[in-house]
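Got the viewer open? Here is a short tour, one selection at a time.

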Amino acid sequence: MDSKALVSCVLLLHLLIVLGACDIIPKAKDSGTNAIRLQGMDANNPHRNDKTHHVAHVHEKKSMHDPSLSSSHMMHQMDPRATVFFVLDDLKLGKTLSILFPDGDPSPLSSPYLWPREQADAIPFSLAKLPQILQHFSFPQGSRKAQVMEHTLRACETKPMKGESKACATSYESLVDFARKILGLNTDIEVLSTHRLVKSNAARLQNYTITEAPKRISTLKMVGCHSMPYPFIVFGCHYQPGDNHLYRTVLSGENGDRVEATARCHMDTSQWSHDHVSFRVLGIEPGTAPVCHFFPAEDFVLVPSTSSI
């Protein structure tokens with residue numbers, strides 16, 4: 001098996017885990033963190049070439065990292081997902097934050113895995129082809145599902161910020177290709193995400209206290225991938241060069257939940273839109289302070305496997 005196929009197979013395994021198809025996340029032997037090292041995984045996954053065409057409900061959430069997501073929209077809706085944002089000074093042992101950690105429930109999605117390229121590319125993925133796409137999925141124009149799909153397509157076609165590289169991955173191969181383009185063609189890759197150590201039946205929005213000292217992951221490059229609402233799984237992935245920090249920590253909720261979380265801190269936000277929701281939530285202006293956020297369970301970050309804590 002060539003290295004490209006190997007990376008694709010392991011990303012598949014991780015996505016099955018992230019999206020709820022598995023209960024256990026393997027630990028990297030070296031760091032003890034919940035990372036999956038992209039080497040030595042089984043290629044014979046039965047889902048890899050599954051051509052079954054399933055369409056369920058479109059997941060009607062908006063990515064918190066969507067550049068078109070304005071602060072006025074989010075604050076008007078009082079979306080609790082905005083609580084994932086915080087300032088770097090708050091990332092310390094003993095700090096208590098009110099946070100919503102989504103469960104990453106994949107039930108609104110069509111399947112718990114990315115489609116292979118042949119299957120994904122058989123369906124147009126562009127705003128100009130939206131009427132044809134809606135017809136393919138039998139969604140009425142003007143419906144809520146159509147609006148959500150339009151929003152995703154528009155976000156995917158939004159021009160990247162200065163210096164940023166971005167792509168909406170609709171297949172295994174496109175996700176692997178983008179990661180290898182940024183991190184290196186021959187680089188082994190680790191996939192880091194957030195997951196629950198202990199889960200209660202309490203409200204998901206609660207006060208969490210940082211109970212383990214945050215540890216910075218040393219890496220020069222990272223690719224963040226965020227789930228996008230669509231009839232099949234799409235990840236919006238992006239890379240921005242510069243001083244970005246990645247951390248791992250454990251938080252304990254007031255209702256008994258415990259979460260091992262991955263956090264990213266954007267040290268330079270000077271190129272961000274003034275209307276980004278994080279600035280309204282944090283009460284700051286672009287470029288004045290680092291903006292940090294926790295990754296929800298359904299999102300993840302890709303780093304070279306040589307990264308260390």
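Begin with helix H4: H5 is part of what covers its buried residues, with contact taken as heavy atoms within 4.5 Å. Buried here means under 20% relative accessible area, exposed over 50% and partly exposed in between, using a 1.4 Å probe and protein chains only. Helices (H or I, at least four residues) and strands (E, at least two) are DSSP runs, numbered from the N terminus.

Before you click further: this is a predicted model, in which local features need pLDDT of at least 70 and side-chain atom pairs count only at pLDDT 80 or more, while totals for chains, interfaces and linings use all residues. Residues are numbered from 1 along each chain as its sequence is written, and side-chain values use heavy atoms, leaving out hydrogens and water.

**Stop one: helix H4**

Select Leu130, Ile133, Leu134 and Phe137, which are buried in H4. Look down the axis of H4: its buried residues fall within an arc of 100°, so they line one face of the helix. That arc is taken from the directions from the helix axis to the C-beta atoms. Just after H4 comes Ser138, with a positive phi near 60°.

**Stop two: rings**

Keep Phe137 selected and add Phe139: the two form a stacked aromatic pair, 6.0 Å centre to centre with 25° between the planes. Rings of Phe, Tyr and Trp (its six-membered ring) pair if their centres lie within 6.5 Å, and planes under 30 degrees apart count as stacked, over 60 as edge-to-face and the rest as tilted. Both Phe137 and Phe139 are buried. Now add Trp115, Phe125, Tyr230 and Phe232, and you have a cluster linked with Phe137 and Phe139 by ring pairs.

Next, pick Phe235 and Phe300. Their ring centres are 5.0 Å apart and their planes at 70°, so this pair is edge-to-face. Phe235 sits in strand S10 and Phe300 in strand S14, so the pair ties together parts that are 65 residues apart in sequence.

**Stop three: the core**

Which residues have the most contacts inside the largest nonpolar core? Select Met149, Val223, Cys225 and Leu302; the core has 37 residues. A nonpolar core is a set of buried Ala, Val, Leu, Ile, Met, Phe, Trp, Tyr and Cys residues joined through side-chain atoms within 4.5 Å. Zoom in on Val223 and you'll find that it touches residues including Phe178, Ile182, Phe300 and Leu302. A second, separate core of 15 residues includes Phe101, Tyr247, Val259 and Phe294.

**Stop four: disulfides**

Colour the cysteines: the structure holds three disulfides, each a pair of cysteine sulfur atoms within 2.5 Å.

- Cys156 and Cys168 have their sulfur atoms 2.0 Å apart, and with -95° about the S-S bond their link is left-handed. Cys156 lies in helix H5 and Cys168 in strand S4, so the pair ties together parts twelve residues apart in sequence.
- Cys225 and Cys237 have their sulfur atoms 2.2 Å apart, and 115° about the S-S bond makes their link right-handed. Cys225 is in strand S9 and Cys237 in strand S10.
- Cys265 is joined to Cys292, S to S 2.1 Å. The torsion about their S-S bond is about 110°, so this disulfide is right-handed.

**Last stop: strand S12**

Finish at Glu260 in strand S12 (residues 258-266). Is Glu260 buried or exposed? At 11% relative accessibility, Glu260 counts as buried. Show Arg196 as well: the C-alpha atoms of Glu260 and Arg196 are separated by 6.1 Å, though these residues are 64 apart along the chain.

Terms used:
Lists of a residue's contacts leave out its neighbours within four places in sequence.
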